[in-house]
Amino acid sequence: MEQAKPPPFQAILLLQGVASPPKGPGHFPSVQVLDRTYRVPGNGLAPKARAGLPGVLQAFLRRNPGGGPVPVLLYPRTEGCSLDLGKTLLAKIYTTEPPPLAPGRFRVVGLLVDREGQRLRVEVRPNPEKGTLGEAFTLCLRLAPGLADAPLPLGRVLDLRGRLEEDLSLLVEEAQEVPGGLR
């Protein structure tokens, strides 16, 4: 019997955004998320999104010429323990299929490298089988009060889920060790 593979390292955040048509000739369509505007095409896109996202957004804007709300998948980055909008990448917009998470929710699968009180530092590493992440990065997450005493062992791979708070911190509400996830 084949053992199930552990989930790949990942860090995703789903938020509600607003797709907008170009403001005029020579301008690009855009997606507004929180206080950041992602121009499509543009530098704030994840590598895979650079190829497919312009077509998806153009198709959405053909159906909705004035633009409109869209679920947006982001690859989050943190500065301190807050979401860093300048480094967070736009990965995908959902216009025809349901998103993997509810808006305002995140999922991080990574190696717990540090824990200080209610703060976790989790390293997200490249997955050899996927090859889309160029280098490892570390996120700072906050633990919900109900997880304050949870035994979260350093050096283990954890599957963490939670929500984005108003102060832009990522609050972990569910945490479990990934079986076979010591990497």
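Is Cys140 buried or exposed, and at what relative accessibility? I began my notes with this residue, bearing in mind that I am reading a predicted model. With a relative accessibility of 10%, Cys140 counts as buried, because the cut-off for that class is under 20%.

**Entry: the disulfide**

I next looked up the partner of this cysteine, and found that Cys140 forms a disulfide with Cys81, the two sulfur atoms being 1.6 Å apart. The pair satisfies the cut-off I needed here, which asks for cysteine sulfur atoms within 2.5 Å, and by this rule the count for the protein comes to one disulfide. I noted the torsion about the S-S bond as -50°, which makes the link of Cys81 and Cys140 left-handed. Cys81 sits in the loop between β5 (78-79) and β6 (82-83), whereas Cys140 belongs to strand β10 (residues 137-143), so the pair ties together parts that are 59 residues apart in sequence. Cys81 also counts as buried, at 8% relative accessibility.

**Entry: the elements**

I then went through the secondary structure, which comes to one helix and twelve strands. Reading from the N terminus, I wrote the order down as β-β-β-α-β-β-β-β-β-β-β-β-β. For the helix I took Gly52 as a point of reference, since this residue is found in α1 (residues 47-63). Gly52 is partly exposed, with a relative accessible area of 39%. From Gly52 to Val172 I noted a separation of 120 residues in sequence and of 31 Å in space, taken from C-alpha to C-alpha.

**Entry: overall dimensions**

For the whole protein I compared the radius of gyration with the value for a compact globule: 183 residues would give a figure near 16 Å, and the protein has 17 Å, which agrees. Along the principal axes, the C-alpha trace spans about 55 × 40 × 25 Å. I also looked at how contacts are distributed along the chain, and among those between residues at least 6 apart in sequence, 63% join residues at least 24 apart.

**Entry: surface and charge**

Of the 183 residues, I noted that 44% count as buried. The accessible surface comes to about 10,000 Å², and 51% of this area belongs to carbon and sulfur atoms. Lastly I looked up the charges, of which 23 are positive and 18 negative, and recorded that the mean positions of the two sets are 8 Å apart.

Key: Residues numbered from 1 in each chain as written. Predicted model: local features only at pLDDT ≥ 70, side-chain atom pairs only at ≥ 80, totals over all residues. Heavy atoms only, no water. Helix = DSSP H or I, 4+ residues; strand = E, 2+ residues; numbered from the N terminus. Rg over C-alpha atoms; globule rule 2.2 N^0.38 Å. Buried < 20%, exposed > 50% of the residue type's maximum accessible area, 1.4 Å probe, protein only. Contact = heavy atoms within 4.5 Å. Areas by Shrake-Rupley, 256 points an atom, 1.4 Å probe, with all protein chains shown as cover. Lys, Arg positive; Asp, Glu negative; His and termini not counted. Charge placed at Lys NZ, Arg CZ, Asp CG, Glu CD.
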